[in-house]
Amino acid sequence: MSDKKGVDILDLIRKVLFTDFVKGLKITLGYNVSKSITHRYPDDEKWVPYRRFRGVHTLNRDEKGRELCVACELCVKACPTSCITVVPMEDDTGRGIADRVAKVWKVNLVRCMFCGYCEDACPTRAVRLGREYELACSDFACTVRNKEELLLPQPVPESIEGGLVAKARLERSLSGIKVTADLKATKKRAW
Ligand code: SF4
Ligand code: SF4
């Protein structure tokens, strides 16, 4: 009984002195004077993800420039959303590492859930999930990426570790909106 009385008195003192209100105010004022962590994307800054990030697919070549994809279609079978299309063809010109190459290799990014099963299934490490994440576009056709686009060198090279912020610029033109990042001007940020 006496314990209960003691608790009630303490509670009353807290209420009279507005201690909970003061605690809340202290947190609010703390945020007001703390350093801002606003990310100025896309006008000034762009986040460069870590290497393990799973963004838009890339198709890779070996050191001699030959296409690594042998059109085995294992990625097609592994894909849970059936968003990859591969059409094989014979080509002995040395374009690929084998005589079987992909005539068509395309991925529908609207259906893709970036699970990475396709890269896990690939026996030649031809398909990888890259670090591009700017997927918004106004034309539905641009949500499908074909082989020619995926074989282009990646905007963020493998040599860059990631996990940092790069200086960037938003460019508007008749062909659309593009974010250009200066990967030489990067900085780490403690979030
Ligand atoms: S990341 Fe997953 S969903 Fe996307 S294409 Fe690969 S297997 Fe399919
Ligand atoms: S990307 Fe890999 S798994 Fe898919 S068809 Fe080419 S070699 Fe086979």
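# A three-domain predicted model with two ligands

S7 and S8 form a hairpin with two residues between them; strands here, like helices, are DSSP runs numbered from the N terminus, with at least two residues (E) for a strand and at least four (H or I) for a helix. The model is predicted, so local features need pLDDT of at least 70 and side-chain atom pairs count only at pLDDT 80 or more, while totals for chains, interfaces and linings use all residues. Residues are numbered from 1 along each chain as its sequence is written, and chains are lettered from A and ligands numbered from 1 in the order in which they are written.

The hairpin strands run antiparallel and are joined by nine bridges, where two strands pair if DSSP finds at least two bridges between them. Within this pairing, Leu-170 has Val-179 of S8 as its bridge partner. S7 (residues 164–173) is also joined to S1 (residues 45–48), again in the antiparallel sense, by four bridges. Here the bridge partner of Val-48 is Leu-164 in S7.

S8 spans residues 176–187 and includes Ala-185. This residue counts as exposed because it has 11 C-beta neighbours inside 10 Å; the classes are buried for 20 or more other C-beta atoms within 10 Å, exposed for 12 or fewer, and partly exposed in between, with C-beta atoms placed from the backbone. Beyond its neighbours within four places in sequence, Ala-185 is in contact with Ala-166 and Lys-167, contact being defined as C-beta atoms, placed from the backbone, within 7 Å of each other. The C-alpha atoms of Ala-185 and Val-7 are separated by 59 Å, and the two residues are 178 places apart along the chain.

The division of the protein gives domain 1 (2–32), domain 2 (35–50 + 161–191) and domain 3 (55–153), with bounds that come from an automatic or database domain assignment. Taken over C-alpha atoms, the centres of domain 1 and domain 2 are 44 Å apart.

Towards the N terminus, Phe-18 occupies the loop between helix H1 (2–16) and H2. Its phi is near 55°, a positive value in a residue other than glycine. Phe-18 is exposed, because 11 other C-beta atoms lie within 10 Å. Further along, Pro-42 is placed in the loop between helix H2 (19–33) and S1, and a cis peptide bond with omega of about 0° joins Tyr-41 to Pro-42. For context, most residues other than glycine have a negative phi, and most peptide bonds are trans.

Another positive phi, near 70°, is found at Glu-73. This residue lies in the loop between strand S2 (57–59) and helix H3 (74–78), and it counts as partly exposed because it has 16 C-beta neighbours inside 10 Å.

An open sheet of three strands has the order S3-S4-S6, with antiparallel pairing. S3 and S6 (144–145) are its edge strands, each with a single partner, so one side of each has no neighbour in the sheet. S3 and S4 are paired over seven bridges, and Pro-88 has Ala-102 of S4 as its bridge partner. The pairing of S4 with S6 rests on two bridges, with Val-107 standing opposite Arg-145 in S6.

The largest nonpolar core has 17 residues, and those with the most contacts inside it are Leu-59, Cys-69, Ala-102, Trp-105, Ala-126 and Val-127. Such a core is a set of buried Ala, Val, Leu, Ile, Met, Phe, Trp, Tyr and Cys residues joined through C-beta atoms within 7 Å. Strands S3 (84–90) and S4 (100–108) each supply at least two residues of this core, and S4 gives the most, with four. Not counting residues up to four places away in sequence, Cys-69 touches Leu-59, Gly-96, Val-101, Ala-102, Trp-105, Thr-124 and Ala-126.

Cys-69 also belongs to the surroundings of ligand 2, where Cys-69, Cys-72, Cys-75, Cys-122 and Val-127 come nearest among 13 residues; a residue is near a molecule if its C-beta atom, placed from the backbone, lies within 6 Å of it. This shell has eleven nonpolar, one polar and one charged residues, where Ala, Val, Leu, Ile, Met, Phe, Trp, Tyr, Cys and Pro count as nonpolar, Asp, Glu, Lys and Arg as charged, and the others, Gly among them, as polar. Ligand 1 is surrounded by 14 residues, the closest being Cys-79, Cys-112, Cys-115, Tyr-117 and Cys-118. By class, the shell around ligand 1 has twelve nonpolar, two polar and no charged residues.

Note on methods: Two residues are in contact if their C-beta atoms, placed from the backbone, lie within 7 Å.
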